[in-house]
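Work through the exercises below with the model open. Each task is followed by a stepwise solution.

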Amino acid sequence: MVLSAFTQWLVNPRRNPLAAVHQRVISKRLRNYGLRYDDLYDPYYELDIKEALNRLPREIVDARNQRLKRAMDLSMKHQYLPEEMQKLQTPFRSYLQDMLALVKKERAEREALGALPLYQRSIP
């Protein structure tokens with residue numbers, strides 16, 4: 001329990017000043033390209049993320065893909081979003097975390113019951 005309390009303190013920007021500085025830096029970098037923190041999750045790295053993205057409404061996934069395309073375009077051009085557009089960005093507004101938690105909970109429940117997994121990684 002002590003390690004858990006320490007870990008929570010370490011990553012909480014309201015309690016740890018270094019975490020607050022880190023959050024500001026990440027926020028600025030994400031705003032430069034118009035991204036959200038959840039956009040950084042790679043569906044090819046973890047199958048739970050891929051499943052969570054499949055369960056989200058089409059509009060949310062399309063908006064994510066557009067943000068990623070815009071960020072790649074800006075990065076290739078060595079440019080940032082205009083200042084007025086950066087002010088409108090919400091980098092820590094989550095759209096994936098609730099569904100991801102549900103998918104992980106369902107996977108853990110299936111494993112506890114001894115059922116076959118819904119998806120399996122295949123290596124080509």
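**Exercise 1. A loop residue**

Where is His78 found? Then give its phi and its exposure.

Solution. His78 sits in the loop between α4 and α5; helices here are DSSP runs of H or I with at least four residues, strands are runs of E with at least two, and both are numbered from the N terminus. This is a predicted model, in which local features need pLDDT of at least 70, side-chain atom pairs count only at pLDDT 80 or more, and totals for chains, interfaces and linings use all residues. Residues are numbered from 1 along each chain as its sequence is written, and side-chain values use heavy atoms, with hydrogens and water left out.

Next, the backbone. His78 has a positive phi of about 55°, although it is not a glycine. Most residues other than glycine have a negative phi.

Last, the exposure. The relative accessible area of His78 is 75%, so His78 is exposed. The classes are buried (under 20% relative accessible area), exposed (over 50%) and partly exposed (in between), with a 1.4 Å probe and protein chains only.

Pro82 lies in the loop between α4 and α5 (83–86). At 37% relative accessibility, Pro82 is partly exposed.

**Exercise 2. The two sides of α4**

Find which residues of α4 are buried, and which are exposed on the other side.

Solution. Start with the length. The 19 residues of α4 should span 27 Å at 1.5 Å a residue, and the end C-alpha atoms are 27 Å apart, which agrees. The expected span is 1.5 Å times one less than the number of residues.

Now list the buried set: Val61, Arg64, Arg67, Ala71 and Leu74. They cover an arc of only 155° around the axis, so they lie on the same side of α4. The arc is taken from the directions from the helix axis to the C-beta atoms.

Then turn the helix over. Arg58, Glu59, Lys69, Met72 and Met76 are exposed on the other side of α4.

Finish with a pair within the helix. Arg58 and Asp62 form a salt bridge, at 3.8 Å from N to O. A salt bridge is a side-chain nitrogen of Lys or Arg within 4 Å of a carboxyl oxygen of Asp or Glu. Both residues lie in α4 (residues 58–76), four residues apart, about one turn of the helix. An α-helix has 3.6 residues a turn, so residues three or four places apart point the same way. Arg58 is exposed at 61% relative accessibility. Asp62 is partly exposed at 34%.

**Exercise 3. Salt bridges to α6**

How many salt bridges does a search of the whole structure find? Trace two that reach α6.

Solution. The search finds eight.

Take Glu46 and Lys104. Their closest N and O atoms are 3.5 Å apart. Glu46 is in the loop between α2 (17–33) and α3 (47–55), while Lys104 is in helix α6 (residues 97–113), so the pair links distant parts of the chain, 58 residues apart. Both ends are partly exposed: Glu46 at 23% relative accessibility, Lys104 at 34%.

Take Arg55 and Glu106. Their closest N and O atoms are 2.8 Å apart. Arg55 lies in helix α3 and Glu106 in helix α6, so this salt bridge ties together parts 51 residues apart in sequence. Arg55 is partly exposed, with a relative accessible area of 29%. Glu106 is also partly exposed, at 29%.

Now check α6 itself. At 1.5 Å a residue, its 17 residues should span 24 Å, and the end C-alpha atoms are 24 Å apart, which agrees. Just after α6, Gly114 takes a positive phi of about 80°.

**Exercise 4. Aromatic rings**

Which residues do ring pairs link into a cluster? Classify the pair of Tyr37 and Tyr41.

Solution. The structure holds three aromatic pairs. Rings of Phe, Tyr and Trp (its six-membered ring) pair if their centres lie within 6.5 Å; planes under 30 degrees apart are stacked, over 60 edge-to-face, and the rest tilted.

For Tyr37 and Tyr41, the ring centres are 6.3 Å apart and the planes are at 85°, so the pair is edge-to-face. Tyr37 is partly exposed at 38% relative accessibility, and Tyr41 is partly exposed at 26%.

Close the cluster: ring pairs link Tyr37, Tyr41 and Phe92.
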